[in-house]
Amino acid sequence: MQGMGKTLIVMGLLLAAVGAFLLFAGKLDLPFGKLPGDITYQKKNFTVFAPFGSMLLISIVITLILNIFSRWK
């Protein structure tokens, strides 16, 4: 049980760090949401936003970080 508790704490801290990064990234005008592959469809009262390019980039970065941590541990 202690191992699972530690894992949940680390995951929570990592999630909080990612959230803080995204808050600061919004102020730095990083191009998330405007990358090639991000789809925006607008009609009069209806907007659909599908950030496929941004999701792919974030997925690759998170995969690299987790691989580095798994090799380190």
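Reader: Taking helices (H or I, at least four residues) and strands (E, at least two) as DSSP runs numbered from the N terminus, where is the place of Gly37?

Author: Quick caveat: this is a predicted model, where local features need pLDDT of at least 70 and side-chain atom pairs count only at pLDDT 80 or more, while totals for chains, interfaces and linings use all residues. Residues are numbered from 1 along each chain as its sequence is written, and side-chain values use heavy atoms, with hydrogens and water left out. Helix H1 covers 2-27, and Gly37 falls between H1 and E1, in the loop.

Reader: Is Gly37 buried or exposed?

Author: Buried means under 20% relative accessible area, exposed over 50%, and partly exposed in between (1.4 Å probe, protein chains only). Gly37 has a relative accessibility of 42%, so it counts as partly exposed.

Reader: Which residues is Gly37 in contact with, leaving aside neighbours within four places in sequence?

Author: Contact here is heavy atoms within 4.5 Å. For Gly37, that gives Ala50, Phe52 and Gly53.

Reader: And Asp38, which element does Asp38 lie in, and which way does that element run against E2?

Author: Asp38 belongs to strand E1. E1 takes in residues 38-42 and E2 residues 47-51, with 5 bridges joining them (pairing needs at least two DSSP bridges). The two make a hairpin with 4 residues between them. So to your question, in order: E1, and antiparallel.

Reader: How far from Asp38 is the nearest side chain of opposite charge?

Author: Lys and Arg count as positive, Asp and Glu as negative, with His and chain ends not counted. A salt bridge needs a Lys or Arg side-chain nitrogen within 4 Å of an Asp or Glu carboxyl oxygen. Asp38 is buried but has none, and Lys34 is that nearest side chain, at 9.4 Å.

Reader: Which backbone nitrogens lie 3.2 Å and 3.4 Å from a polar atom of the Asp38 side chain?

Author: There are two to name. At 3.2 Å sits the backbone nitrogen of Lys34. At 3.4 Å it's the one of Phe52.

Reader: Zooming out, what radius of gyration does the protein chain have?

Author: The chain has 2 helices and 2 strands, in the order α-β-β-α from the N terminus. For 73 residues the globule rule (2.2 Å times the number of residues to the power 0.38, with the radius taken over C-alpha atoms) gives 11 Å, and the chain is well over that, so it's more spread out than a compact globule. Its C-alpha trace spans about 55 × 25 × 25 Å along the principal axes. The radius of gyration is 16 Å.

Conventions:
Polar contact = N/O pair within 3.5 Å; in protein donor to acceptor, adjacent residues only side chain to side chain.
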